[in-house]
Structures are given as C-alpha cells and as structure tokens.
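Grab a pencil and work through these exercises with the structure open beside you. Try each task before you read its solution.

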Amino acid sequence: MKKYTYSKSASLLERSQKVLAGGVSSEFRKKSYPHAIFYEQGKGSRIWDVDGNEYIDFSLSQGPLILGHSNTNVLNHINEYSRNGQLFAGQHIKEIELAEKLQNLIPSAELIRFCLDGSSAIQTALRVARAKTGRQKFLRFEGHYHGWLDNMCWGISAPAPEALGPRENPSRHPWSEGLPLESRNEFLLLPWNDLSLVRHTVAQNYEKLAAIITEPVMCNNGCILPGDGFLQGLREICDEYGIALIFDEVITGFRVSLSGAQQYFDVIPDLSIFAKAMGSGYPISALVGRRKWMEVIEEGRVIHAGTMNTSNPTVAAALSTIEVLERQLPYERMYQLGNQLMHGLKEAAADANQNLLVQGLGPMFHTGFTDLEEVKDYRDTLKYDRNKLGKFVGAMHDNGIRIIGRGLWYISASHKEADILRAIEVAKKVLLEM
Ligand code: PMP
C-alpha cells in the first residue's frame with residue numbers, strides 16, 4: 001500500500017499561513033493530523049487530499065454529510081434552484097416547503113426560524129427563553145459544546161480533572177481570551193447526567209433561570225448517552241418551574257432519527273436547534289419550538305434577523321437532503337453499520353490488549369483510551385489518555401481512515417459494509433502496533 005505523505009498540504013499550509021490567521025478558517029481545523037490538510041475532492045464515503053491520499057471518511061466534515069460527499073440529488077437540486085436567483089431578501093416557496101417538512105417531522109416544531117449555523121440559532125433560542133420568562137440566566141452542562149460565542153465559550157476546556165472544582169459549583173474555564181467577563185455569569189454550570197444535582201440547583205435558582213440547554217446525547221465529549229430518565233427528569237423540572245427546555249440537536253438532528261433525538265428518546269423540548277446534517281454541508285440551521293415560546297418572535301418582541309438567511313442554495317440543500325433521507329430511510333442501515341464498526345473496534349482492541357473504550361449510538365460514536373468501563377460525564381472524559389488517542393487517530397489516518405481528532409466517528413448513508421470492514425482491519429493492525 002502507498003505510504004501516506006503530506007508534503008503538498010504542508011507547503012499549502014505555509015502559503016495559507018501568510019494570508020489566513022493560523023492558516024485556517026476554523027480553530028478546530030488547526031488541530032488536524034499531522035497538521036491542517038488540504039482536500040481536493042469528496043465523493044460518497046471517500047475524500048482525497050492534495051497529496052493524492054484517499055480516505056474512508058468517518059469525520060464527514062464534523063457531521064453534516066449525512067448522505068456522504070457530493071450527493072447527486074442534492075447537487076442537482078441546488079444547481080437548479082440557484083439558477084432562479086441566489087438570495088431574494090424576501091420569502092420564497094421552497095422555504096415554506098422546508099418549514100412544513102420540519103413541522104411534519106419534528107415533534108416540537110410548531111413554529112420555525114431558519115439561521116445560518118448552530119451557534120447563532122442557539123443564541124436565538126436563549127433570547128426567546130429570556131423574553132418569555134423574564135429571567136436572565138440559563139443552566140448548561142460541563143463539556144457540552146453549544147458553539148463558540150461568548151456565553152458558550154466556557155466550561156469546555158478544563159486543563160485537568162483537578163481543575164474542575166466541586167460538582168455542585170464547577171469552575172468555569174474560558175476557552176478563549178477576549179471574552180467579556182460578564183458572559184461568565186450568564187449561566188449556571190453543572191456536570192451532566194446528575195438529575196438530583198439539577199433538581200437541587202434549580203430549586204435554589206429558578207427565579208433567575210430562563211432555560212436549561214443540553215445536547216440530548218453528549219456527542220462532542222465521549223459521545224455519552226443520557227442516563228435513564230435524565231432527559232425526562234429535565235422535562236419535568238422545566239415544567240415545574242416554567243423554564244424552557246432547549247435541546248441542542250445540532251448533531252443529533254437528522255442523525256439519530258429523521259425526527260431528532262427528541263423522538264428517539266421520546267422527550268419533547270420547548271425549543272430545539274437543528275443544523276449540521278440538515279443541510280449536507282450548506283450553511284443552514286433551524287430554531288424550532290412550541291408556539292407558546294416562539295410567539296415572542298412571531299409578535300416581533302424578540303428580534304431574529306440575518307441578511308444571508310434562507311438563500312436559495314441552502315434551502316434547496318436542506319430540502320433535498322431531507323427528501324433523500326425520507327425516500328431512502330437509511331437509519332436502520334446506519335445503526336447496523338455503526339454497531340458493526342463499534343463491535344469490530346472493541347474486538348480489535350481486546351485482541352491487541354488495548355484499553356480502547358467505544359461508546360455511542362451507532363450513527364455517531366466515540367473511541368478513547370481509558371481503564372474506565374464507562375464514561376458518564378465530562379469529568380470522566382478528562383481521564384482519557386489523549387496522547388494515545390492522538391497516536392491512534394494519526395496511525396488510522398496514515399492508513400486511509402479519517403476520524404475526528406477527538407475520537408468521534410460518524411456514519412453516513414453512503415458508507416458501505418466494505419468501508420466498515422476496512423476500518424476494522426486497519427484498526428486491528430494499528431492497535432497491535434501501538
Ligand atoms: N452545538 C453542537 C452540539 C455542535 O456540535 C456544534 C458544532 N460542532 C454547535 C452547536 C455549533 O454549531 P456551528 O458550528 O454550526 O455554529
């Protein structure tokens with residue numbers, strides 16, 4: 001097999017660093033193995049870089065490519081619809097069709113507003129919750145990623161487990177310099193999956209609390225599933241105290257089911273945010289919610305705006321992505337392939353005597369090295385051996401398997417069983433050599 005080298009990417013990175021700050025357009029890309037890589041083409045489950053290396057892609061551009069790269073239906077639809085125009089600064093019919101689709105599919109989607117990305121839709125949800133309740137703060141959980149904006153740029157980057165502080169009142173580590181210090185006080189922070197701690201904290205603070213926001217599955221750190229009754233418990237607490245329950249379905253939306261994690265776990269939030277897999281890589285997201293909450297936008301009490309919202313190509317991308325998902329219903333297969341891969345990786349690790357922990361749902365799952373039998377919250381994730389993971393991810397990459405640097409894997413509708421078998425074969429070799 002050809003040895004993977006990255007010299008063309010390396011020299012493009014040098015050139016790029018002279019014009020783009022840090023050579024990249026999103027901080028996460030800096031951290032790729034062995035450095036930011038330049039890609040030339042993606043098709044189905046495969047992606048090729050400028051050095052001619054081919055990868056089976058389990059990163060799927062951080063999640064959006066639920067149909068794989070360059071889906072022909074989606075591309076044709078975008079091309080066709082963009083010929084009419086690109087952006088009208090006015091309404092168009094496909095926008096209604098898309099909203100109607102979300103309303104039909106997503107249990108909580110009584111009213112909808114479209115945005116460009118997850119981060120801005122999440123901020124809109126918080127604004128709605130504040131306006132409706134007249135309260136200022138929100139409750140969020142350690143390690144949950146809700147975008148990079150000021151009030152969400154805390155609690156996701158503790159240097160070590162010892163730095164986390166007490167469970168009842170965790171330390172808030174900033175992920176960035178330049179944050180307004182007040183943004184640190186916009187929220188209460190707790191470890192995830194600890195319902196009695198949430199109950200206790202809310203009972204003491206409900207007069208200040210507009211919302212509880214959570215990923216229904218803690219995808220970004222360890223792909224941790226909610227404990228039995230946890231999401232349902234949040235629902236009950238929010239009902240009891242008149243607080244908005246916000247599900248950040250940026251990853252889980254259209255990935256764990258066609259109707260999101262809210263259908264999968266049968267817990268209906270007041271507001272939720274759909275983004276990545278909805279648009280096959282085009283910038284579109286949706287804030288969906290119960291009319292009772294969304295009416296503050298309907299009435300113009302809460303402002304949500306955006307010049308670029310619902311441009312023709314993005315709406316066409318989302319509409320055709322969802323239509324393909326509805327037609328193909330790839331979920332059973334994605335779960336089956338994901339489970340087969342998770343199982344194969346576990347076996348490969350056991351054979352190689354490696355402490356690889358594999359957890360998740362199938363369509364997305366996480367691999368990390370730890371002696372723990374289960375990772376239940378962010379505090380546990382800090383015990384992963386990150387150096388070892390870096391070596392694993394790098395060696396997989398050098399053998400044509402692309403996964404996200406923090407150990408996350410995504411399955412798309414375009415992955416074939418052969419892709420899964422190949423990934424297991426490579427993992428066997430890599431784990432034995434490690
Ligand atoms: N929420 C979650 C759960 C995410 O994974 C992300 C992105 N990784 C975001 C919010 C932010 O979305 P975006 O990058 O589109 O702003």
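**Exercise 1: a four-stranded sheet**

Task: find how many bridges join β1 to strand β2, and work out the order of the sheet they belong to.

Solution. Start with the pair itself: β1 and β2 (residues 46–49) run antiparallel, and four bridges join them. Keep in mind that this is a predicted model. For a concrete match, take Lys 43, whose bridge partner in β2 is Arg 46. Now widen the view: the sheet is open, has four strands in the order β1-β2-β3-β13, and its pairing is mixed. Finish at the edges, where β1 (39–43) and β13 (401–402) each pair on one side only.

**Exercise 2: a three-stranded sheet**

Task: which strands stand at the edges of the sheet β11-β12-β14, and why is one side of each left without a neighbour?

Solution. First, the layout: three strands make an open sheet in the order β11-β12-β14, and the pairing is antiparallel. The edge strands are β11 and β14 (408–410); each has a single partner strand, so one side of each has no neighbour in the sheet. Next, the twist: ignoring direction, neighbouring strands here are turned by 25° against each other on average. Then zoom in on β12 and β14, which pair in the antiparallel sense over three bridges. To see one of the matches, look at Phe 365, which stands opposite Trp 409 in β14.

**Exercise 3: α4 against α10**

Task: say how helix α4 packs on helix α10, starting from the angle and the axes.

Solution. Step one: α4 (residues 93–105) and α10 (residues 312–328) pack at an angle of about 40°, and their axes are 10 Å apart. Step two: angles under 35 degrees would count as roughly parallel, so with the angle they have, α4 is oblique to α10. Step three: the crossing of α4 and α10 is left-handed. Step four, the residues: from α4 come Lys 94, Glu 95, Glu 97, Leu 98 and Lys 101, and they meet Val 315, Ala 316, Ala 318, Leu 319 and Ile 322 of α10. Sort that contact by class and you get six nonpolar, four charged and no polar residues.

**Exercise 4: α13 against α14**

Task: do the same for helix α13 and helix α14, and find which residues make the contact.

Solution. The angle is about 130° between α13 (residues 386–398) and α14 (residues 417–433), with the axes 10 Å apart. That makes α13 oblique to α14. Their crossing is right-handed. On the α13 side, the contact uses Phe 392, Ala 395 and Met 396, while α14 brings Val 426, Ala 427 and Val 430. By class, the contact of α13 with α14 has six nonpolar residues, with no polar and no charged ones.

**Exercise 5: two domains**

Task: where do the domain bounds fall, and which elements of domain 1 touch domain 2?

Solution. The domain assignment splits the chain into domain 1 (7–70 + 330–433) and domain 2 (72–328). Their C-alpha centres lie 25 Å apart. Domain 1 puts 28 residues into the contact and domain 2 puts in 33 residues. On the side of domain 1 that touches domain 2, the elements giving two or more residues are β11 (356–360), β12 (364–369) and α12 (378–381). The residues on that side of domain 1 divide into 15 nonpolar, eight polar and five charged.

Terms used. Residues numbered from 1 in each chain as written. Predicted model: local features only at pLDDT ≥ 70, side-chain atom pairs only at ≥ 80, totals over all residues. Axes fitted to C-alpha atoms, helices over the stretch in contact; angles between N-to-C directions. Parallel < 35°, antiparallel > 145°, perpendicular 65-115°, else oblique. Left-handed = near helix turned anticlockwise from the far one by under 90°. Contact = placed C-beta atoms within 7 Å. Nonpolar A, V, L, I, M, F, W, Y, C, P; charged D, E, K, R; others polar. Pairing = 2+ DSSP bridges. Domains from an automatic or database assignment.
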